[in-house]
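Here are some short exercises to work through with the model open beside you. Try each task before reading its solution.

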Amino acid sequence: MARTQKLVLETWKIRYNFHSIAVLLLIAIVIAVVYLKGDSQGFVEQQKTPDESIPRCDLFSGKWVYDNITYPLYKENQCSFMELDFACEKFCRKDLNYQKWRWQPHNCDLPRFNATALLEKLRGKKLVFVGDSLNRNQWVSMLCLIESSIPSWSSKSLIWKGNSIVFKATDYNATIQFYWSPFLVESNCDEIKDHKGRARIIRFNAIEKHARQWTDADMLIFDSFVWWLEPKMTLLWGSFGSSDAIYKEVGKSYRPYEMALNTWSDWLEIHINRRVKIGAETKVEIAIVNRANLKDGYRGSDTDGRMMQIVESAIHELETRGLKIEYLNITQLSDYRKDAHPSVYRKFWVPPTEEQLANPNSYSDCVHWCLPGVPDVWNMILYSYIMHS
């Protein structure tokens with residue numbers, strides 16, 4: 001498995017009465033969370049599960065348990081938001097046991113996903129998944145989980161708008177949006193419908209074109225997994241199309257990723273710190289879970305330790321600037337499940353060549369995940385933290 005600022009004041013649509021704002025970073029199956037909490041607890045107190053230890057339990061240390069009674073949590077063909085890249089059963093996968101595994105933490109139970117409770121928590125708010133197709137994988141999972149748990153007559157809509165796909169649960173005035181920005185910073189792959197088959201050019205020090213689309217969000221989930229895959233790319237100093245722009249091709253290197261995360265971090269410092277200062281009686285809380293905290297001591301052979309360190313360093317640097325972060329590392333639990341990738345059971349937008357057909361490994365998808373499947377667990381963990389924030 002491959003491994004989750006120019007300030008334009010007039011574009012800001014910041015509302016100051018939010019009870020919580022969250023920022024998440026999904027990097028090759030790693031999530032970092034910033035919770036900004038107000039003094040109102042109301043609904044959260046009512047929704048706590050019987051196991052009050054859940055927020056203190058290590059949800060990431062556990063095992064997969066076969067469960068064909070309560071799993072899958074929804075049916076692939078009954079999710080109206082299912083996308084062809086993740087619909088493995090539709091594309092002739094016969095062994096459906098990958099749908100029937102439940103993640104079981106060692107010392108507690110993962111709370112059952114409650115769509116009504118989540119939508120109530122998100123009432124009047126916007127949650128935005130920002131990133132590439134892996135984050136879209138998780139976003140689709142979230143919509144399927146929600147749709148399977150709310151009445152069929154409940155009003156909902158899905159709208160494409162530019163680089164965004166926007167789901168809205170009308171009865172709750174809750175928005176769950178996906179925004180395509182594969183490298184987080186600007187690149188020549190930023191068109192959601194036209195981004196394949198080209199050499200990657202990264203404008204690593206520019207993020208505002210995308211970021212201005214996020215400033216009215218209450219929770220942001222970032223993903224930059226594609227950085228882990230690129231064998232080479234071209235870095236751009238300046239603007240696309242500018243006569244004095246400087247281009248430099250680089251091979252597999254950690255430094256460009258580091259520079260892009262610095263740009264992302266600077267944006268967070270400017271925007272999130274401003275919201276903290278504006279908010280009344282607002283405080284920041286943190287818990288960090290990283291590789292060193294994983295009790296089972298397991299790390300997949302494909303996990304790039306140096307990339308993980310860069311993520312952790314960026315999070316630590318944000319903490320020193322006053323942005324404390326909830327760091328949810330789901331690398332380990334996901335890497336156990338190599339059975340749950342689409343492989344050849346997916347939609348091929350370009351038919352495989354004869355050479356590829358002779359070697360299925362050459363065109364198998366071992367990056368994304370079949371649905372229902374592993375991303376449902378990511379969302380259940382995310383759900384747990386949201387409901388206890």
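Helices and strands here are DSSP runs, with at least four residues for a helix and at least two for a strand, numbered from the N terminus. Keep in mind that this is a predicted model.

**Exercise 1.** Find where W349 sits, and decide whether W349 is buried or exposed.

*Solution.* Start with the neighbouring helices: W349 lies in the loop that links α7 (331–335) and α8 (354–357). Next, take the relative accessible area of W349, which is 52%. The cut-off for exposed is over 50%, so W349 counts as exposed. Finally, look at its partners: W349 joins L84 and V350 in a nonpolar surface patch, and together they have about 320 Å² of accessible area.

**Exercise 2.** Compare the span of helix α6 with the expected value.

*Solution.* Helix α6 covers residues 305–320, which makes 16 residues. At 1.5 Å a residue, 22 Å is expected. From first C-alpha to last, α6 reaches 23 Å, close to that value. Now check burial: the buried residues of α6 include M307, I310, E312 and L318. Just after α6, G322 has a positive phi of about 100 degrees.

**Exercise 3.** Work out the strand order of the four-stranded open sheet, and name its edge strands.

*Solution.* Reading across, the order is β9-β10-β12-β13, with mixed pairing. β9 (186–187) and β13 (246–251) each pair on one side only, and these are the edge strands. Now zoom in on one pair: β12 (residues 232–237) runs antiparallel to β13, and six bridges join them. Within this pair, K232 faces G251 of β13.

Notes. Residues numbered from 1 in each chain as written. Predicted model: local features only at pLDDT ≥ 70, side-chain atom pairs only at ≥ 80, totals over all residues. Heavy atoms only, no water. Patch = residues over 30% accessible without salt bridge, like charges linked within 9 Å, V, L, I, M, F, W, Y side chains within 5 Å. Areas by Shrake-Rupley, 256 points an atom, 1.4 Å probe, with all protein chains shown as cover. Salt bridge = Lys/Arg side-chain N within 4 Å of Asp/Glu carboxyl O. Buried < 20%, exposed > 50% of the residue type's maximum accessible area, 1.4 Å probe, protein only. Expected span 1.5 Å × (residues − 1). Pairing = 2+ DSSP bridges.
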